[in-house]
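Subject: Structure for your files, with notes

Dear colleague,

Here is the structure I said I would pass on. My notes are underneath.

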2 protein chains.
Amino acid sequence: MAKKRSQTMEENRAKLIAAARKAFAEKGYAAASMDELTAEAGLTRGALYHNFGDKRGLLAAVVDKIDTEMASRAQEIGARAGDDWQGLLAEGAAYIEMALDPEVQRIVLLDGPAVLGDPSQWPSQSSCLQATRQTIDRLIVQGALKPVDAEAAARLLNGAALNAALWIAASDEPQDVLPKAVEAFDALAAGLLKASA
Amino acid sequence: MAKKRSQTMEENRAKLIAAARKAFAEKGYAAASMDELTAEAGLTRGALYHNFGDKRGLLAAVVDKIDTEMASRAQEIGARAGDDWQGLLAEGAAYIEMALDPEVQRIVLLDGPAVLGDPSQWPSQSSCLQATRQTIDRLIVQGALKPVDAEAAARLLNGAALNAALWIAASDEPQDVLPKAVEAFDALAAGLLKASA
DNA sequence: AGCTTGACATACGGCCCGTATGTGGCCTAT
DNA sequence: ATAGGCCACATACGGGCCGTATGTCAAGCT
């Protein structure tokens, strides 16, 4: 059966994104060569500029893919928790753990913001952030949290988790530091609880 | 009076750092040209590679300078507060406000980590972080805070403040968002207080 | 004063990105 | 069925930038 035109195109896009994901993770955005990257995918730079416009466009596509994966996973973990509050903590811990992945760290947390700008402006809307925000919104409506700005709280929590992950990843004994980070994260999050006012 | 050799060298280093600070802030690290940058300082790339080794070395020097300035300012503000707890909150707010400076944002918060790696590994030790850590340490000894890991707490607080700043800077109405961010920051920090356990 | 040292300038090579142009196969219309 | 257009991708080209290797001239020591 002959392949449809649009299908091979979709396949090529996927190949390029996969190769870019690998190259960006291993060498970093700046050091990744488009020639090598496309050759790895069995294509040339022509395909790249046709599909993604430029190098930044490719990074954006990669970030979007990873970010989406992260969000769905975080939501899944959060939903598995008993209540919304436990879910929030679980999401935070999950976020910290995901950020331990060098791929996530390098691409989404380091090069992403530096090259693409503020994450909340990304097309993927930093899905992870949105999920956290919604959970916080629900908790505020339920009266469990202080009536702080949900967006602000979600942002700061994510920022805290992010830095925790960077810290853990850079440490010599990640497994030793992880529980400390999670403990501190839980403590900070508890500051949002109404009871602690 | 004839200038000493070491003196002119120090002056040239300062000129290069100043020019780099401007160029990096305006164009970003990647887009800043070393030729233009050195010409702006009245020198050539030769001086640059002799003094700083490479482009990264220059960025490191710039980051170190800004970071040091930030730390001294934060400590000054913190020391002016009534007690250590108020000082911690004041430092956090000061950090958020300083991060509103485009120069700080672009160089220290975006390009810095992307190019130089984790801030806590920098020679300046991310002085800001150290200051926060020490304050937290004191508060734990005083029994005001839960006995969490001071390093972890300092890291997460800084991360929260950092993201708050990025958020504010990217927003349309910074002055409108700033108080929300500070409020959320204070709430999170309150989670560290023993009384809230 | 002559020599050495080193701070800085100049010259060179190589890589990489983005664009402009070429081409071969798929799709459609008659 | 086939002829032509279109489009996804390949190839070719130019410009810029970084890092190094080499040159130069003044400062400092003897």
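The notes below cover the fold, the contact between the chains, and the empty spaces.

The model is predicted, so to speak of local features a pLDDT of at least 70 is needed, while side-chain atom pairs count only at pLDDT 80 or more and totals for chains, interfaces and linings use all residues. Residues are numbered from 1 along each chain as its sequence is written, chains are lettered from A and ligands numbered from 1 in the order in which they are written, and side-chain values use heavy atoms, with hydrogens and water left out.

Fold

Chain A has 9 helices and 0 strands (DSSP runs numbered from the N terminus: helices are H or I with at least four residues, strands are E with at least two). The C-alpha atoms of chain A fill a box of roughly 60 × 40 × 30 Å along the principal axes.

Interface

Chain B and chain A each bring 36 residues to the contact (heavy atoms within 4.5 Å). The area buried between them is about 3000 Å², with 70% given by carbon and sulfur atoms; buried area is the accessible area (1.4 Å probe) that two parts lose on being put together, summed over both. On the chain B side, Leu156(B), Trp167(B) and Leu188(B) lose the most area to chain A, together 23% of what that side buries.

Two kinds of polar pairing were counted. There are 2 salt bridges across the interface (a side-chain nitrogen of Lys or Arg within 4 Å of a carboxyl oxygen of Asp or Glu). One of them joins Asp149(A) and Lys180(B), at 3.7 Å from N to O. Residue pairs in polar contact, both at pLDDT 80 or more, also number 2 (N or O atoms within 3.5 Å; within protein, one must be able to donate a hydrogen and the other to accept it, and residues adjacent in sequence count only if both atoms are side-chain atoms).

H6, H8 and helix H9 (174-190) of chain B each supply at least two residues of the side that touches chain A. H8(B) has the largest share of that side, 13 residues. By class, the side holds 22 nonpolar, 5 polar and 9 charged residues (Ala, Val, Leu, Ile, Met, Phe, Trp, Tyr, Cys and Pro are nonpolar, Asp, Glu, Lys and Arg charged, and the others, Gly among them, polar).

Cavities and pockets

The search used a 1 Å grid over the protein atoms alone: a cavity is a set of points where a 1.4 Å probe fits but cannot get out, a pocket is an open set with protein on both sides within 12 Å along at least five of seven lines, and lining residues have an atom within 4 Å of a point. Points are joined across faces, edges and corners, and a volume is the space filled by probe spheres set on them.

The structure holds 3 cavities of 30 Å³ or more. The largest cavity has a volume of about 510 Å³. Its lining has 37 residues, and Leu162(A), Asn163(A), Leu166(A), Leu162(B) and Asn163(B) lie nearest the centre. H8(A) gives the most to this lining, 6 residues.

The largest pocket holds about 400 Å³. Among its 21 lining residues, Ala30(A), Val115(A), Tyr29(B), Ala30(B) and Val115(B) lie nearest the centre. The lining of the largest pocket has 10 nonpolar, 2 polar and 9 charged residues.

Regards
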